[in-house]
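Here is a friendly note to read alongside the structure. Keep the viewer open and look up each residue as it comes up.

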Amino acid sequence: MFLPRRIQQQSGRYSRVDDIPYVLPVDSKGAPAMWAAFTVDARRAASLLPGNELHPLRVSRDRSVLLLSVIDYLRTDIGAYIEFSIALACTHGRRLAPPLLPLLFQKRYGAGQYVVDLPVNTEVSVKGGKGIWGMPKHLARLDFRMEDGSVSSRYEEGGQLAVRLRIERPRFAWLPLRMAAVNYCAFRGMLMKSTLYFRGRFAFRVGRRARGTLELGDHPRVQALRALGISPRPFFTGFFPASSGVLDDHFESWFLTQPSPPLDTYPEGLRSVVDLGQDPTPMPPPESVGAPLKVLQTEGPLPDAHPSGDARP
């Protein structure tokens, strides 16, 4: 795997941060994962980006990208858990970047994704991910289901269904992929940047061949997504049958600024993590109750699939 030399030199050493033990590098192995990307209104996406140095990454004059990814971490330093990421593609800098160019010159434009919401299903993952890297993690009920012809995941919190994502599973994972991805997150009144390196054989579809459904529930955490003008179907879907990843222990941060004095710490401070424990037990999977979700897609619904018995909470 392509990794900075610093990470390679730290391999096999031990660390304990916020009382969580790690064996470096902070990595995962054998994790299935799925992706789906939808276009959204760029100006509305900008309203969800904190501070004045993050900007929507545009794929046209007025459209940006909502990126959803779900990773079923089977083996990590802190045990097995599921992570459901809801993010906006973005750039970092003084000015709004031209459309598409940040995809070619990622470092120049600080291209990455701003993580809007990041539910996970174990307490220790919240404590480490938020307390150390500033990720907006919180406990929720999640599942990850690989069925005949499709992959899906549900996100539920407090008895309310929030999101259900389902994609048509690409047949062949033929592309050997290794790459780095940049995450921007807000925590403690700061913008925090972290980097994830991952590899695996990747299957994907683009354009009209990308098929999937995104359903939103009534949970307050996801109501801001309704105003984004999400496209009726994804323009990209992807699937890793098994991936390996390394989360860089190095990260950067900047103060979030605004024209007037902030009244509170955005979006929350250290109080939200100091009393958390290190329970690695996954939350139960979502229950199939509650109000039906709103299906955003109006075309190309996936046929019902037959469970293959490999779903896990």
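The numbered points below go through some strands, a helix, two cysteines and two spaces in this model.

1. **What kind of model this is.** Please keep in mind as you read that this is a predicted model. The values in this note are computed from that model, so treat each one as a description of the prediction.

2. **A hairpin to start with.** Find strand β14 (residues 175–187) and then β15 (190–206). These two strands pair in the antiparallel sense, over 13 bridges. They form a hairpin with 2 residues between them. One residue in the turn, R188, has a positive phi of about 60°.

3. **One residue, two partners.** Strand β14 also pairs with β8, this time in the parallel sense and over 2 bridges. N183 is a good residue to click on here. Its bridge partner in β15 is S194, while N183 in β14 is also the bridge partner of Q113.

4. **A loop residue beside the turn.** E268 sits in the loop between β18 (252–255) and α6. Which residues does E268 touch, not counting those up to four places away in sequence? They are K130, F187 and R188, and R188 is the turn residue from the hairpin. Along the chain, E268 and A186 are 82 residues apart, yet 8.6 Å separates their C-alpha atoms. E268 is partly exposed, because its relative accessible area is 32%.

5. **An enclosed helix.** Next, look at helix α5 (residues 123–131). Why is this helix described as largely enclosed by the rest of the structure? The reason is that 8 of its 9 residues are buried. The buried ones are V124, S125, V126, K127, G128, G129, K130 and G131. K130 is also one of the residues touched by E268. The cover over the buried residues of α5 includes the strands β2 (20–23), β7 (81–92), β8, β9 and β14, together with α6 (271–274).

6. **A strand covered on both faces.** Here is a pattern worth knowing: in a regular strand the side chains alternate between the two faces of the sheet. Now try strand β16 (residues 212–216), where 5 of the 5 residues are buried. G212, L214 and L216 lie on one side, T213 and E215 lie on the other, and both faces are covered. Strand β13 (residues 160–168) runs antiparallel to β16 and is joined to it by 5 bridges. Within this pairing, R166 stands opposite T213.

7. **A threonine with many contacts.** T237 belongs to strand β17. Is T237 buried or exposed? T237 counts as buried, because its relative accessibility is 0%. Leaving aside neighbours within four places in sequence, T237 is in contact with W35, A36, I167, A203, F204, R205, A210 and R211.

8. **Two cysteines, no bond.** How many disulfides does a search of the whole structure find? The search finds 0. For C90, the nearest cysteine sulfur is that of C185, 9.7 Å away. C185 is likewise in no disulfide, and its nearest cysteine sulfur is that of C90. A pair of sulfur atoms must lie within 2.5 Å to count as a disulfide, so this pair does not qualify. C90 is buried, with a relative accessible area of 0%, and C185 is buried with a value of 0% as well.

9. **A closed space.** The structure holds 1 cavity of 30 Å³ or more, and about 70 Å³ of space lies in the largest cavity. Its lining includes W35, Y73, F198 and S244. Strands β3 (26–41), β5 (63–73), β15 and β17 (236–247) each supply at least two lining residues. By class, the lining has 6 nonpolar, 4 polar and no charged residues. W35 is also a contact of T237.

10. **An open pocket.** The second largest pocket holds about 340 Å³ of space and is lined by 15 residues. V116, D117, P136, R221 and P267 lie nearest its centre. Strands β8 (112–120) and β9 (137–139) each supply at least two lining residues, and β8 gives the most, with 4. The lining divides into 9 nonpolar, 1 polar and 5 charged residues.

How values were computed. Residues numbered from 1 in each chain as written. Predicted model: local features only at pLDDT ≥ 70, side-chain atom pairs only at ≥ 80, totals over all residues. Heavy atoms only, no water. 1 Å grid on protein atoms, 1.4 Å probe; cavity = no way out; pocket = protein on both sides within 12 Å on 5 of 7 lines; lining within 4 Å. Points joined across faces, edges and corners; volume = space filled by probe spheres on them. Nonpolar A, V, L, I, M, F, W, Y, C, P; charged D, E, K, R; others polar. Buried < 20%, exposed > 50% of the residue type's maximum accessible area, 1.4 Å probe, protein only. Pairing = 2+ DSSP bridges. Contact = heavy atoms within 4.5 Å.
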